[in-house]
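Trainee: I am new to this structure and would like to go through its core and its salt bridges. Could we begin once it is on the screen?

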Amino acid sequence: MKRRVSALALGLYLASCGGAPESAAKTTILCVWDSVEIEGLQVYGSEIDSTPVLTQLASSGEVMEGFFPQSGSATSAMACLLTGVGPEKHGLRSIHELGANMLWDEARTIAEDLNAQGWRTLAAVSQAHFGWGGMQRGFDVWQGPELREPRRTHMAQQVFEGLRPELEAALASTDNVFVVLQFSDLRGRSWESREPSEELLQAYLKEWRGQGGVIDAEFAATDEELSLARRLASALLRRTDDPRKTAMLSALHASGLGELDGQLGELRSCLEASGRLAKAAILVVGGPAEDVTGNVALERPALPFIRIGSSELLDDLYQVGEGESEQRSRTRQITVRVGLAAYDGLQVTGSAPGGTLELIGEGAGDTAAPRDRLAAVVLEEQALCVQLNGSRGEFILRLQHPKLFGLGDEDLTIGGLSLEESDLPVLLASRSPEWPENAIVGPLLDLQSAGGRRLKGTLNSKPLDRVEILVESFPPDYSLPEKVKVEGGEVARHELRPGAVWLRGTGAMTFELPPRSPKERLGLVMRLNGKRIHGSRIRYLARTFSDPGQLELGGAPGVWLEKNLVGKQEPPVESAISIELVDEYPGSTSISVPSPAQLEYMWRLGENE
């Protein structure tokens with residue numbers, strides 16, 4: 001039976017704190033170490049002790065096992081620790097999903113409640129995005145990188161030293177003090193810059209010493225320009241399936257743990273100097289772990305969870321529960337209503353990140369059996385419905401019928417807009433017909449290969465024609481606005497969809513799109529003098545961009561914030577085919593759209609932050 005860190009029992013905790021006399025000042029400290037491999041800590045059985053301060057402190061506390069994060073996203077997991085509730089209640093699931101990248105107004109942080117009772121609340125974090133998801137609410141002091149800084153991740157020493165003056169002043173007072181320290185030194189590829197000591201390298205590589213191999217050669221070599229750690233990393237890290245590489249990575253990880261432990265030692269010194277160490281309650285907990293390539297593990301590994309100090313206090317703060325975390329997924333519903341009998345044979349399928357959703361049957365007939373748990377299928381009167389369960393909200397909806405060729409963009413509506421009026425992109429067809437050799441009318445947009453999976457687009461428009469082209473990838477490419485090259489026009493980022501970009505110009509315009517991976521789908525919207533152009537007028541590598549009998553629409557997470565597209569319209573819009581997008585759990589009534597600087601930062605982060 002797995003155990004988990006459940007919701008913070010704020011009521012019990014605050015009740016226990018409310019009656020404390022001011023002379024008995026309390027100190028509670030939460031240290032979050034992201035991406036700590038539990039096997040690297042001696043308190044969990046490692047033969048090598050790279051964290052002596054943590055080991056010494058843990059000897060007077062408790063080392064817990066079998067705890068798991070409530071979210072695979074570092075941002076969401078941090079929000080769980082600071083609010084006491086899971087993602088289904090605090091609303092912050094991923095900074096990549098607009099509308100789910102901020103704490104809901106209804107979610108209160110621990111700091112807000114403690115601050116209201118007179119506590120001094122301090123926090124220092126290592127990454128910029130923690131400061132604009134709402135987690136800073138209630139803190140007297142919140143420190144972290146600025147979005148405009150060249151390096152948006154601060155290392156542990158910089159994080160702690162920045163907070164030290166405020167921390168020492170708070171500890172010298174008679175106030176109850178709550179401190180949060182969050183370190184991300186071990187996330188991403190920061191391990192590459194580690195410099196393990198020779199003693200640490202000896203300990204991790206001792207199994208291969210004395211065998212006359214590359215490890216012995218590097219230990220014996222002398223190089224004034226490269227350190228022993230750099231030489232060994234160069235020799236071992238490019239290998240595959242080599243246990244020596246695994247040992248070297250463990251040494252690099254242990255070196256990073258040593259730096260975190262050093263700041264824990266500085267914290268201990270501050271507590272000792274203020275006379276608060278004996279009564280301080282300290283919790284050291286890990287964040288979602290990832291491997292050295294920056295990928296969060298699919299199966300969430302166990303977290304380090306070490307409690308030092310008053311166990312009664314920390315038991316109230318972090319309850320221990322049995323069983324899996326019961327999280328309710330946000331449900332998005334896509335309903336396709338067929339208004340004309342001529343479309344009774346319409347076939348509808350949907351897909352989303354993680355796999356294909358259920359195939360919906362033909363017309364108003366039977367639905368196919370579910371193939372996975374990603375969605376539910378509901379058959380309504382003259383309507384076919386797919387429900388997407390998940391946090392990201394990205395979808396691809398495919399409509400297939402021979403008569404779609406004669407269907408105008410004004411005959412298909414999404415929410416309160418026709419396809420003509422919306423900017424929902426049409427996706428490149430996987431099997432579209434070849435472009436006619438003797439076509440009377442040429443393409444308005446010609447997409448040709450520029451080599452290396454790049455595309456070059458050329459507009460065949462008149463000198464005074466106003467042209468708008470929206471380019472979007474599925475799954476989203478958040479760096480797309482920085483990669484597109486345009487001549488004769490300008491690039492503008494989409495207001496709500498970080499992976500989409502508008503190309504605007506008058507008359508002749510050419511552009512180049514960056515290389516796409518084989519799994520990426522290209523979506524386009526083209527408008528000429530304000531009128532949306534059908535995919536049959538776009539040529540893609542000697543084929544038409546879209547299949548005349550098939551229409552694929554792509555929806556990025558930001559689509560769910562567009563009021564004209566989402567929700568039932570009153571009065572309902574009547575058309576040949578109407579699509580309804582319904583979000584059953586919209587969460588907070590006040591949704592904040594990130595600033596351009598925040599969006600720029602968001603694009604540069606990995607999917608799991």
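Mentor: This is a predicted model. We can start with one side chain: at 22% relative accessibility, Arg521 counts as partly exposed.

Trainee: Which residue forms a salt bridge with Arg521?

Mentor: Arg521 lies in strand S24 (residues 521–528) and its partner in strand S28, so the pair ties together parts that are 31 residues apart in sequence. The closest N and O atoms are 2.9 Å apart. The partner has 3% relative accessibility and counts as buried. The residue is Glu552.

Trainee: Is Arg497 buried or exposed?

Mentor: Arg497 sits in the loop between strand S22 (485–493) and strand S23 (500–513). Its side chain meets that of Glu562 in a salt bridge (3.0 Å, N to O). Buried means under 20% relative accessible area. The relative accessible area of Arg497 is 1%, so this residue is buried.

Trainee: How many residues apart are Arg164 and Glu266?

Mentor: Arg164 forms a salt bridge with Glu266, with the closest N and O atoms 2.4 Å apart. Arg164 is buried at a relative accessible area of 16%, while Glu266 is partly exposed at 30%. Arg164 is in helix H6 and Glu266 in helix H10, so the pair links distant parts of the chain, 102 residues apart.

Trainee: Which residues are linked with Arg164 and Glu266 in a network of salt bridges?

Mentor: The count for the model comes to 20 salt bridges. In this network, Arg164 and Glu266 are joined by two further residues, Glu161 and Glu168.

Trainee: Which helix gives the most to the largest nonpolar core?

Mentor: In soluble globular proteins, nonpolar side chains tend to be buried together. The largest nonpolar core here has 61 residues, and those with the most contacts inside it are Trp33, Leu181 and Leu267. The helix that gives the most to this core supplies seven residues and spans residues 156–172: helix H6.

Trainee: How many residues are in the second, separate core?

Mentor: This core includes Leu412, Leu424, Ala576 and Ile579. The number of residues in this second core is 25.

Trainee: Which helices do the buried residues of H9 pack against?

Mentor: Helix H9 covers residues 228–236. Its buried residues are Leu228, Ala229, Arg231, Leu232, Ala233 and Leu236. They pack against helix H7 (198–205), helix H8 (214–220) and helix H10 (243–274).

Technical notes:
Residues are numbered from 1 along each chain as its sequence is written. This is a predicted model: local features need pLDDT of at least 70, side-chain atom pairs count only at pLDDT 80 or more; totals for chains, interfaces and linings use all residues. Side-chain values use heavy atoms; hydrogens and water are left out. A nonpolar core is a set of buried Ala, Val, Leu, Ile, Met, Phe, Trp, Tyr and Cys residues joined through side-chain atoms within 4.5 Å. Buried means under 20% relative accessible area, exposed over 50%, partly exposed in between (1.4 Å probe, protein chains only). Helices (H or I, at least four residues) and strands (E, at least two) are DSSP runs, numbered from the N terminus. Contact means heavy atoms within 4.5 Å. A salt bridge is a side-chain nitrogen of Lys or Arg within 4 Å of a carboxyl oxygen of Asp or Glu.
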